[in-house]
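Thanks for making the time this morning. I would like to walk through one model with you, going from the chain as a whole to a few local details, so please have the viewer open.

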Amino acid sequence: MDISMIFFLNAIFVSVVNILGGREALLFSLLFIIGIYFKRKDKILVLVLMGMTIFLYGNYSLRTMEKLSVGKTYEFQMETISDRAKIIKADEKYLKINYYPILDKFLEEGSYNVLGRIGKIENNRVEMVILKEEKIETKIRDFLNNKVDKVGSDFSYEFQNFIKAVLLGRKEGISEEIREKFNYTGTSHILVISGLHIGIIIVSILFLLKRLPYQIRYGLAGVILTAYCYGVGFTPSVQRAFIMGILYLAAKFFYEEREMIKALMVAFIVSNFINPYAIRSISYQMSYLALTGILFLDPKVKECLGEILPKKLMKYKVVNFLILSFSIQIILIPIFLYYFRVLPLFSFIPNLIVIPLGSVTVLILFISLLLSFIGLEKVLIPIGYMSYKALIIIIGIFSEIPFLTLTFYGKISLLLYIFLYVIILLFILFKREKIRRYWYISLGIIPLIFLVPSQRIEKLDLKWMNYRSVPNKILFLNKKPERRDLILLKDSGINRLDYIVTSYEMKNDELRKAYPGAENTILNKGEGLRVEDEYFTNEKGKIKIKESKR
């Protein structure tokens, strides 16, 4: 096993703190180190691994907090975007749970230091009394937001929201219909800032600076990239891409060789040091796993297919790109199953067209952003708009193709999630002959998957959704139905509905398809509906139950 892989795996074991807890992670890591010692007999390697483990474990213990307590006062670092606030830190510590505060006063969009007292906690919603607040000056972020607004100001509202999503990471303006199409086709990574975007941005910067001397060019590119990532915010996926981007530019600056595997390992360890709970973020997991698929799984898949497919076929870039997309999909399947309850079947095929076109679109938009600094953003932005329209049309065509992805409503066992990744890891680390030799171990684990209960336990949000089993099976919703609502309905054993009563128009047909026999009714403000002995009425946008008006 390569030294880089050993360090990377040990960092992963230490990161189990985010799933099981500190002591368990320490035990996992020590057992792993003991195994490495008996395999390699290298005392220096073992000492370095133990030092890394103790360092990361100590960092976790000192810089994290399990949960908030009712009635207690904390110093919070918070962010507000649109009408939603999120707690980043409490008393300078990262929280295991993502908390979204319900504030007793209005705060403009931005970052804040807040002294607040916790009134009530329900799931991850926190009622907070603000005792003192101070807005954090974010001049670079504000400047960048203004420039992005300027770039798309002459075009449609939808295009402006798309620019904000791909250049600032702000997806809240993207319509639910467009999001669903991107999700179904397996191309939603276009809408988030990740390694693909950072790579495009580095290429853009280097292209515009190509006339400068070599080292000034790469040094200045690093400065611009740092300012940009600070402006959009160091989310987990941006953080990973930024660290690897800086390592790439530094290697070029000092005339060193690029080593992507070592860069991935460094990015992972540094990210875990900065925020020990970052690994709980879905975007973080998908970002690292996608790159792991590119670096480790893709070569293995190509090696296997190279023995089956004609050698001439393997020389085509299109074929290699298709295999690469397939490898990324394979390594992300457990994530899609566990979090989103979908099984991607052929969603790697749309990426063959969408990634090149999406990359060109992002490239044009970012160069337009850079040109806006000298007042020339209108030179390229019309081309960017045409590229965006073509992208939306292609996504729309692919979204009409059946069976690209399948919805899976059954509860997912955590053991299945781990089992699938163990199989993928074995495939990466060992030759097929060795895997065949120990096939019975995998076979023995399979029955346990069905015995272990589901790890993810979620409940219906009864503030916004309610289910009445009498007199008929009625579901009434006081918000726009989302896919998560449908999953939770199925989890709760609600397999039949006679009526669906909402205060919003259901643009997504998934709920209707799941309950085809249900009668769908939209109640506008002031309207009512009688079902047997119950009377539903929409009062000020919310559906309430009143006594029967027979």
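Let me begin with a term that I will use throughout: a residue is buried under 20% relative accessible area, exposed over 50%, and partly exposed in between, with a 1.4 Å probe and protein chains only. By that scale F207, at 47% relative accessibility, counts as partly exposed.

Please keep in mind that this is a predicted model, in which local features need pLDDT of at least 70 and side-chain atom pairs count only at pLDDT 80 or more, whereas totals for chains, interfaces and linings use all residues. Residues are numbered from 1 along each chain as its sequence is written, and side-chain values use heavy atoms, with hydrogens and water left out.

First, the overall picture. The protein chain has 550 residues, of which 44% are buried, and it contains 20 helices and 16 strands; both are DSSP runs numbered from the N terminus, helices being H or I over at least four residues and strands E over at least two. If we take contact to mean heavy atoms within 4.5 Å, then among contacts between residues at least 6 apart in sequence, 65% join residues at least 24 apart.

Now to the sheet. Seven strands, in the order β1-β4-β3-β2-β6-β7-β5, form an open sheet with mixed pairing, where two strands pair if DSSP finds at least two bridges between them. At the edges lie β1 (64-65) and β5 (100-103), each of which pairs on one side only.

Within this sheet I would like to look at β2, residues 73-81, whose covered face carries Y74, F76, M78 and T80, while T73, E75, Q77, E79 and I81 make up the uncovered one. To β6 (residues 110-122) β2 is paired in the antiparallel sense over 8 bridges, with E79 standing opposite S111. With β3 (residues 84-90) the run is again antiparallel, joined by 6 bridges, and here I81 has R84 as its bridge partner.

What is the phi of D91? It is near 50°, a positive value in a residue other than glycine, and D91 sits in the loop between β3 and β4 (93-95). E92 is found in that loop between β3 and β4 as well, with phi near 65°, also positive in a residue other than glycine. D91 counts as partly exposed because its relative accessibility is 33%, whereas E92, at 57%, counts as exposed.

A contrasting strand is β12, residues 499-502, where both faces are covered: Y499 and V501 on one side, and I500 and T502 on the other, are all buried. β12 runs parallel to β13 (residues 519-522), the two being joined by 4 bridges, and the partner of Y499 there is E519.

Let me turn to the helices and return to F207, which lies in helix α7. F207 and I367 are 160 residues apart in sequence, yet their C-alpha atoms are 9.6 Å apart in space. F207 is also among the residues touched by R217, together with L206, L209, K210 and L212, leaving aside residues up to four places away in sequence. R217 itself belongs to helix α8, and a polar atom of its side chain lies 3.0 Å from the backbone oxygen of L206.

Finally, the second largest pocket. Rolling a probe the size of a water molecule over the atoms shows where empty space is left. A pocket here is an open set of points on a 1 Å grid over the protein atoms alone, where a 1.4 Å probe fits, with protein on both sides within 12 Å along at least five of seven lines, and lining residues have an atom within 4 Å of a point. The second largest pocket has a volume of about 290 Å³, taken as the space filled by probe spheres set on the points, which are joined across faces, edges and corners. It is lined by 15 residues, the closest to its centre being I224, F366, L369, L370 and F373.Which helices each supply at least two residues of that lining? They are α4 (139-151), α7 (195-208), α8 (214-232) and α14 (351-371), with α14 giving the most, 4 residues. By class, the lining of this pocket has 15 nonpolar, no polar and no charged residues, where Ala, Val, Leu, Ile, Met, Phe, Trp, Tyr, Cys and Pro count as nonpolar, Asp, Glu, Lys and Arg as charged, and the others, Gly among them, as polar.

How values were computed:
Polar contact = N/O pair within 3.5 Å; in protein donor to acceptor, adjacent residues only side chain to side chain.
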